[in-house]
Amino acid sequence: QVQLVESGGGLVQPGGSLRLSCAASGRTFSSYFMGWFRQAPGKEREFVGHIRWSSGNTYYANSVKGRFTISKDNAKNTMYLQMNSLKPEDTAVYYCAARGITRSEYDYWGQGTQVTVSS
């Protein structure tokens, strides 16, 4: 079955950088979007951005555009989220997810990794 495993979370100071990884297994993802979401305490889950696996095209929420970058490594079946210029409001549990390109909902989710931005 499909398995998504995030890693790379931690504590970082405001203005710092962090890179999250999402290792995917269980199928080929050539016909999938892979996305990043986050959820802060007391808030709803928020879309961060996604990448279309086949083309590498990306899309970002306005809140992270210009600061976050999604990339992938086909050989490792791994997606990355490079986060720069981090702000305290970026503090959240970050999740990776996958959906087929014809689907509107994400079907597969990772367990999440905590990112805390604080001095």
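## Q&A on a predicted all-strand chain

The protein chain exposes about 6300 Å², and carbon and sulfur atoms supply 44% of that area. Keep in mind that this is a predicted model.

Me: How many helices and how many strands does the protein chain have?
Reply: Going from the N terminus, the elements run β-β-β-β-β-β-β-β-β-β-β. So the count, with strands taken as DSSP runs of at least two residues, comes out at zero helices and 11 strands.

Me: What radius of gyration does the protein chain have, and what would a compact globule have?
Reply: The C-alpha trace spans about 40 × 25 × 25 Å along its principal axes. For 119 residues, a compact globule would come in near 14 Å, and the chain agrees with that because its own radius of gyration is 13 Å.

Me: What share of the residues in the protein chain is buried?
Reply: To count as buried, a residue needs a relative accessible area under 20%. S21 makes it at 16%, and A61 does too at 14%. Over the 119 residues of the chain, the buried share is 44%.

Me: Of the contacts with a separation of 6 or more, what percentage is between residues 24 or more positions apart?
Reply: A contact here means heavy atoms within 4.5 Å. Take the contacts with a separation of 6 or more, then pick out those between residues 24 or more positions apart. Their share is 53%.

Me: How far apart are the mean positions of the positive and negative charges?
Reply: The protein chain carries 13 positive and 8 negative charges. Average the positions of each set, and the two means are 6 Å apart.

Me: Which residue forms a salt bridge with R38 at 2.8 Å?
Reply: Side chains of opposite charge can pair when their charged atoms come close. R38 is buried, with a relative accessible area of 7%, while its partner is partly exposed at 29%. The closest N and O atoms of the pair are 2.8 Å apart, and the partner is E46.

Me: How many residues apart are D90 and R38, which also form a salt bridge?
Reply: The closest N and O atoms of D90 and R38 are 2.9 Å apart. D90 sits in the loop between strand 8 (78-83) and strand 9 (92-100), whereas R38 belongs to strand 4 (residues 32-39). The bridge therefore ties a loop residue that is buried, at 1% relative accessibility, to a strand residue that is buried at 7%. The pair links distant parts of the chain, 52 residues apart.

Me: R103 and D107 meet in a salt bridge; what is the N to O distance?
Reply: Both partners are partly exposed: R103 has a relative accessible area of 43%, and D107 has 35%. A salt bridge needs a side-chain nitrogen within 4 Å of a carboxyl oxygen. This pair qualifies at 2.6 Å.

Me: Which residues are joined into one network by salt bridges that share partners?
Reply: The structure holds four salt bridges. R38 pairs with E46, and D90 pairs with R38, so R38 is a shared partner. The network takes in one further residue, R67, and its members are R38, E46, R67 and D90.

Me: Which residues does S21 touch, leaving out those up to four places away in sequence?
Reply: S21 lies in strand 3 (residues 18-25). At 16% relative accessibility S21 counts as buried, because the cut-off is under 20%. With sequence neighbours up to four places away set aside, S21 touches V5, E6, S7, W36, T78, M79 and Y80.

Me: What phi does S85 have, and where does S85 sit?
Reply: S85 is in the loop between strand 8 and strand 9, and is partly exposed with a relative accessible area of 42%. N77, in the loop between strand 7 (68-73) and strand 8, has a positive phi of about 50 degrees although it is not a glycine. S85 is also a residue other than glycine with a positive phi, near 50 degrees.

Me: How far apart in space are A61 and V48, C-alpha to C-alpha?
Reply: A61 lies in the loop between strand 6 (58-60) and strand 7, and is buried at 14% relative accessible area. Leaving out residues up to four places away in sequence, A61 touches F47 and V48. A61 and V48 are 13 residues apart in sequence, and their C-alpha atoms are separated by 5.3 Å.

Definitions and conventions. Residues are numbered from 1 along each chain as its sequence is written. This is a predicted model: local features need pLDDT of at least 70, side-chain atom pairs count only at pLDDT 80 or more; totals for chains, interfaces and linings use all residues. Side-chain values use heavy atoms; hydrogens and water are left out. Helices (H or I, at least four residues) and strands (E, at least two) are DSSP runs, numbered from the N terminus. The radius of gyration is taken over C-alpha atoms; the globule rule is 2.2 Å times the number of residues to the power 0.38. Buried means under 20% relative accessible area, exposed over 50%, partly exposed in between (1.4 Å probe, protein chains only). Accessible areas come from the Shrake-Rupley method with a 1.4 Å probe; for residues, only the protein chains shown count as cover. Lys and Arg count as positive and Asp and Glu as negative; His and the chain ends are not counted. The place of a charge is taken as NZ of Lys, CZ of Arg, CG of Asp or CD of Glu.
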